[in-house]
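Morning, everyone. Please have the sequence and the model open while I talk. I'll go through a handful of spots and then stop.

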Amino acid sequence: MTTTAPFSGPLGAVVDVFFTGESHRDLAGLSSDERVAARLQGVQRRRAMEAAEEAELILELAGRRPATPDPDGPGARRPGWASESGGAEISEFFLAELSAVLNLGRGTAAVRLRRALTWSQKLPGTVTALAAGELDERRAHVLADVLEHTPAQIAGQVEDALLGEAAGLSVARLERRATEELLRLDAAAAEERRAEAEKTADVRVHPSPTDGRSMLAADLPTDEAVECHDLLDQLARMLKADGDPRPIGALRAHVLSLLIRRPADSGLPAVAVNLTVIAELAALAGASSAPGEVNGLSITATHLRELLARVGALGLTAPDGGTLTYALTGPDGQLLATVTPAELARLARRGCPQHPDSGSTGAAEWTVDTAGRDVSEACDCVVLGPPPVTAAYRPTDRQRAFVTTRDRRCRFPNCGQRVGWTDLDHVTAHACGGATDCANLCCLCRSHHRLKTFAPGWQYRMDRDGALHVTTPSGVTRITRPPGQRSPGSRSHPPNPEPGPPPGAPPPLDPLDEPPPF
């Protein structure tokens, strides 16, 4: 059966959208295989319709976020710092809101906004076909990506030439045909695309499917990329000729790493690389296989032990020019305290200052109380905890160590910027009475720090355990917790389960049903 409904809005297209559904009568004459195939095609059509609707809604929300309130004086975004951009009239902070609403990364949100704008401004026929389920989402994406930087008139000509046969072409073939047609009509468009790619080029680290490995990727002009690969290949073949038994691909990767980390005769000054290693003590000792992290990327316990040996950290001493900090965590992974080896030894020797004769002062006998504080077994006196509050605006060194160890990366939802590139920010602004306290400090990358400072309508709140609540101007709330920290009550086997109610007792009162005040 088929029903129709009008579809119109900021995309500028008015079409009849066909919502298809298969009744028993429609599929009665089909075999079971044919019914499955027909339903799969129905899913594909609905996905295309939903992509058109999503683009419609993205532009509607973008239209409610004009660029006029954005800062243009102190704190304004520096031109050329980031490549992400939307329409000229859309607020620079809209991408952060869109990423939170869709629960996606900012880069993915930027791609969806750019495609919606391209469909709206340059490809009305593609929008119509997508909304009617006649063109699938992937092929509509290809047309938008190829024609994004093309003048609307040229883009329309390419669309007219290809749209009728687009569904019958493979995705790769459609992309090639669109590029060929674009170059035939406007050779200057290729130069514009290359210029845009030059601005968005970057070097990125991606996790590898294999634990303990990562991929280093650079976006380069084709001639430079080929030249770099050829040089790596020549040097790798020299190593192979000298008897190195490793595969040629592994040798190329090894040569690349050496050239970057140990450039020969480059004339460049020596560079110190900062590595933040996070691991469980049991894993370092070989008693656990729990993975750790190096600069936010997961590595195996074996790799951790090898790394510590390489940087001179045998025996858990600080490497040359580095530091070593112990992070003490609670049962749900929440950070309780950070302490250096010297501080730990000093506290162990001192023991409890209030009860100097109350049993052993060995650090191995410390426990954690129900409030998440480290206490001595012999008494209830707190001997170690988070750094104290300071009346100053700037966090103390101890607070900085605690918060960066707890957060490890930007705390904005779906942002993976690692802690070395982040600022410490007051969740409740210091000027508004917010304390310089670890429970009111979090790591934010510079982009999201600016968002919190200048973008109107956003709300931020932090719990004592470090859980950050971020609410967008459109009312969507996302909660981020520090890495490794579980939500309260999520453990499958709590250490001390509470006894259940006696037989016949009334059910416990749901907090959501409590009368005010809550």
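Start with proline 331. Its relative accessible area is 44%, so this proline is partly exposed. Proline 331 sits in the loop between β8 (326-329) and β9 (335-339). Now look along the chain to proline 488, 157 residues away. The C-alpha atoms of proline 331 and proline 488 are separated by 9.6 Å. Keep in mind that this is a predicted model.

Another pair, in another place. Glutamine 44 lies in helix α2. Glutamine 44 is partly exposed, because its relative accessibility is 37%. Glutamine 44 and aspartate 136 are 92 residues apart in sequence. In space, their C-alpha atoms are 6.7 Å apart.

Helix α2 brings us to the nonpolar cores. The largest one has 39 residues. Which of its members touch the most other members? They are Phe94, Leu113, Trp119, Leu130, Leu147 and Leu174. Seven helices give two or more residues each to this core: α2 (32-63), α3 (94-102), α4 (106-122), α5 (124-131), α6 (137-147), α7 (152-166) and α8 (171-185). The top contributor is α2, with eight residues. There is also a second, separate core of 16 residues. Among its members are Phe93, Phe412, Cys445 and Leu451.

Two of those names come back, so hold on to Phe412 and Cys445. Cysteine first. How many disulfides does the model have? The count is zero. Take cysteine 445. Its closest cysteine sulfur is in cysteine 410, at 3.9 Å. A disulfide needs the two sulfurs within 2.5 Å, so 3.9 Å is too far for a bond. Cysteine 445 is buried, at 4% relative accessibility. Cysteine 443 tells a similar story. For cysteine 443, the closest cysteine sulfur belongs to cysteine 442, and the distance is 7.1 Å, too far for a bond. Cysteine 443 is buried as well, with a relative accessible area of 0%.

Now phenylalanine 412. The structure holds one aromatic pair. Phenylalanine 412 is in it, and the partner is tryptophan 458. How is such a pair described? By the distance of the ring centres and the angle of the planes. Here the centres are 5.8 Å apart and the planes are at 55°, which makes the pair tilted. Both phenylalanine 412 and tryptophan 458 are buried. The pair links distant parts of the chain, 46 residues apart. Phenylalanine 412 is in the loop between α15 (397-407) and β13 (422-426). Tryptophan 458 is in the loop between α16 (446-454) and β15.

Stay in the loop between α15 and β13 for a moment, since asparagine 414 is there too. Asparagine 414 has a positive phi of about 65°, although it is not a glycine. At 39% relative accessibility, asparagine 414 is partly exposed. Asparagine 103 also has a positive phi, near 60°. Asparagine 103 is in the loop between α3 and α4. Its relative accessibility is 40%, so asparagine 103 counts as partly exposed.

Last stop, the sheet that includes β15. This is an open sheet of three strands, in the order β15-β16-β17, with antiparallel pairing. Which strands stand at the edges? β15 (459-462) and β17 (477-480). Each has a single partner strand, so one side of each is left without a neighbour in the sheet. Neighbouring strands are turned by 15° against each other on average, direction ignored.

Zoom in on β15 and β16. Strand β16 covers residues 468-471, and four bridges join it to β15. In one of the pairings, methionine 462 has leucine 468 in β16 as its bridge partner. The hairpin of β15 and β16 has five residues between the strands. In that hairpin, glycine 466 takes a positive phi near 100°.

What about the faces of β15? In a regular strand, side chains alternate between the two faces of the sheet. In β15, Tyr460 and Met462 are on the covered face. Gln459 and Arg461 are on the uncovered one. What lies over the face of tyrosine 460? Lysine 452 does, at 5.6 Å from the ring centre.

That's my tour. Questions, please.

Key. Residues are numbered from 1 along each chain as its sequence is written. This is a predicted model: local features need pLDDT of at least 70, side-chain atom pairs count only at pLDDT 80 or more; totals for chains, interfaces and linings use all residues. Side-chain values use heavy atoms; hydrogens and water are left out. A nonpolar core is a set of buried Ala, Val, Leu, Ile, Met, Phe, Trp, Tyr and Cys residues joined through side-chain atoms within 4.5 Å. Buried means under 20% relative accessible area, exposed over 50%, partly exposed in between (1.4 Å probe, protein chains only). Two strands pair if DSSP finds at least two bridges between them. Axes are lines fitted to C-alpha atoms, for helices over the stretch in contact, and angles run from 0 to 180 degrees between N-to-C directions. Rings of Phe, Tyr and Trp (its six-membered ring) pair if their centres lie within 6.5 Å; planes under 30 degrees apart count as stacked, over 60 as edge-to-face and the rest as tilted. A charge sits over a ring if NZ of Lys or CZ of Arg is within 6 Å of the ring centre and within 35 degrees of the ring normal.
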